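Reader: I have a new structure open and don't know where to begin. Can you walk me through it?

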Amino acid sequence: MRRLILVAAAALTAATAGTALSQDAKMSFFVTSVGSGKGADLGGLKGADAHCASRAEAAGVKGKTWHAYLSTGAEDARDRIGKGPWVNAKGVKIADDVASLHGDANAISKETALNEKGEVVNGRGDKPNRHDVLTGSKPDGTKIADQTCGDWTMSGAEGVAMMGHHDRTGLDDSAAAKSWNSSHASRGGCSQEALKGTGGDGLFYCFAVE
């Protein structure tokens, strides 16, 4: 009986390892399941990138370089994320390249903008709503001056951050309301409370650069 248990345990371990390797080979895009906990203070781009890497590693995805989709006063988000293509944790393609990601051809929606665990992120109509995703970017992925919460180092009542809707849903049918990366600015500052106040939680997009 003990031998059978050991054999079964070994088989389960092998199967789990195979799943992890399969996911590692596929996932190259996700929304963070949690933010920094300090609002828009992510520790700058370096801290945001490290958060992407730690989230991916915790989900069993290793051996990739991850960058946060965030613009700063000196850098555009679109230039940080590699060339593509990118797929989510379920293997669904989000976009082939930078151009299609920022055009009508991308496949970002509530059903596809999954977190690193392969889970759907709460959107408009859910409680709590978490669809505001930090970007600091215009629709084309370039920076918006002074809408990056001090280049992702501020967490108080001052500052402002541009955010997108990962579920492509807002208060109306405008292009901004449906934008995944440039919907509206934060209100009330850069704190966790301010971000939650408009339907967010300090989450952001992560892309595998290679």
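Author: Let's go from the overall fold to single residues. Keep in mind that this is a predicted model.

Reader: Fine. How many helices and strands does the chain have?

Author: Five helices and eight strands. Along the sequence they run α-β-α-β-β-β-α-β-α-β-β-α-β.

Reader: And what share of the residues is buried?

Author: Of the 210 residues in the chain, 48% are buried. Take the contacts with a separation of 6 or more: 68% of them are between residues 24 or more positions apart.

Reader: What does the largest nonpolar core look like?

Author: It has 41 residues. Trp66, Leu70, Leu101, Leu134, Trp152 and Phe204 have the most contacts inside it. Several elements give two or more residues to this core, including β1 (29-31), α2 (44-58), β5 (132-134) and α4 (149-152).

Reader: Which element gives the most?

Author: Strand β8, with six residues.

Reader: Pick one core residue. What does Leu70 touch?

Author: Leave out residues up to four places away in sequence. Then Leu70 touches Leu42, Leu45, Ala48, Ala77, Arg80, Leu134, Thr135, Trp152 and Phe204.

Reader: Switching to rings. How many aromatic pairs are there?

Author: Eight, from a search of the whole structure. One of them is Trp86 with Phe207, an edge-to-face pair. Their ring centres are 5.2 Å apart, with 85° between the planes.

Reader: Why does that pair tie together separate parts of the chain?

Author: Trp86 is in strand β3 (residues 86-87) and Phe207 is in strand β8 (residues 200-208), so the pair joins parts that are 121 residues apart in sequence.

Reader: Are those two buried or exposed?

Author: Trp86 and Phe207 are both buried. They also belong to a cluster linked by ring pairs, along with Phe29, Tyr69, Trp180 and Tyr205.

Reader: What sits around Trp86? Say, where is Ala95?

Author: Ala95 is in strand β4. It is buried, at 4% relative accessible area. Beyond its neighbours within four places in sequence, Ala95 contacts Pro85, Trp86, Ser100, Leu101 and Asn106. The C-alpha atoms of Ala95 and Pro85 are separated by 5.7 Å, and the two residues are 10 apart along the chain.

Reader: Pro85 again. What kind of peptide bond joins Gly84 and Pro85?

Author: A cis one, with omega about 0°. Pro85 is in the loop between β2 and β3. The bond from Lys127 to Pro128 is cis too, with omega near -5°. Pro128 is in the loop between α3 and β5.

Reader: Why point those out?

Author: Most peptide bonds are trans, and most residues other than glycine have a negative phi.

Reader: Then which residue in α4 has a positive phi?

Author: Cys149, at about 50°, and it is not a glycine. It is found in helix α4. Cys149 counts as buried because its relative accessibility is 1%, and the cut-off is under 20%.

Reader: What about Arg168? Where is it?

Author: In the loop between β6 (162-165) and β7. Its phi is near 55°, also positive. Arg168 is partly exposed, with a relative accessible area of 27%.

Reader: Are there buried residues in loops? Where is Asn115, for one?

Author: Asn115 lies in the loop between α3 and β5. It is buried, with a relative accessible area of 4%. Setting aside neighbours within four places in sequence, its contacts are Phe30, Val31, Thr32, Ser33, Ala89 and Val121. Asn115 and Cys206 are 91 residues apart along the chain, and their C-alpha atoms are separated by 9.4 Å.

Reader: And where is Ser191?

Author: In the loop between β7 (184-185) and α5 (192-197). Ser191 is buried as well, at 12% relative accessible area. Apart from neighbours within four places in sequence, Ser191 contacts Gly39, Ser155 and Gly156.

Reader: Last topic, pockets. What is the volume of the largest one?

Author: About 210 Å³.

Reader: How many residues line the largest pocket, and which lie nearest its centre?

Author: There are 14 in the lining. His131, His165, Gly170, Leu171 and His184 lie nearest the centre.

Reader: How does that lining divide into nonpolar, polar and charged?

Author: Three residues are nonpolar, eight are polar and three are charged.

Key
Residues are numbered from 1 along each chain as its sequence is written. This is a predicted model: local features need pLDDT of at least 70, side-chain atom pairs count only at pLDDT 80 or more; totals for chains, interfaces and linings use all residues. Side-chain values use heavy atoms; hydrogens and water are left out. Rings of Phe, Tyr and Trp (its six-membered ring) pair if their centres lie within 6.5 Å; planes under 30 degrees apart count as stacked, over 60 as edge-to-face and the rest as tilted. Helices (H or I, at least four residues) and strands (E, at least two) are DSSP runs, numbered from the N terminus. Buried means under 20% relative accessible area, exposed over 50%, partly exposed in between (1.4 Å probe, protein chains only). A nonpolar core is a set of buried Ala, Val, Leu, Ile, Met, Phe, Trp, Tyr and Cys residues joined through side-chain atoms within 4.5 Å. Contact means heavy atoms within 4.5 Å. On a 1 Å grid over the protein atoms alone, a cavity is a set of points where a 1.4 Å probe fits but cannot get out, and a pocket is an open set with protein on both sides within 12 Å along at least five of seven lines; lining residues have an atom within 4 Å of a point. Grid points are joined across faces, edges and corners, and a volume is the space filled by probe spheres set on the points. Ala, Val, Leu, Ile, Met, Phe, Trp, Tyr, Cys and Pro count as nonpolar, Asp, Glu, Lys and Arg as charged, and the others, Gly among them, as polar.
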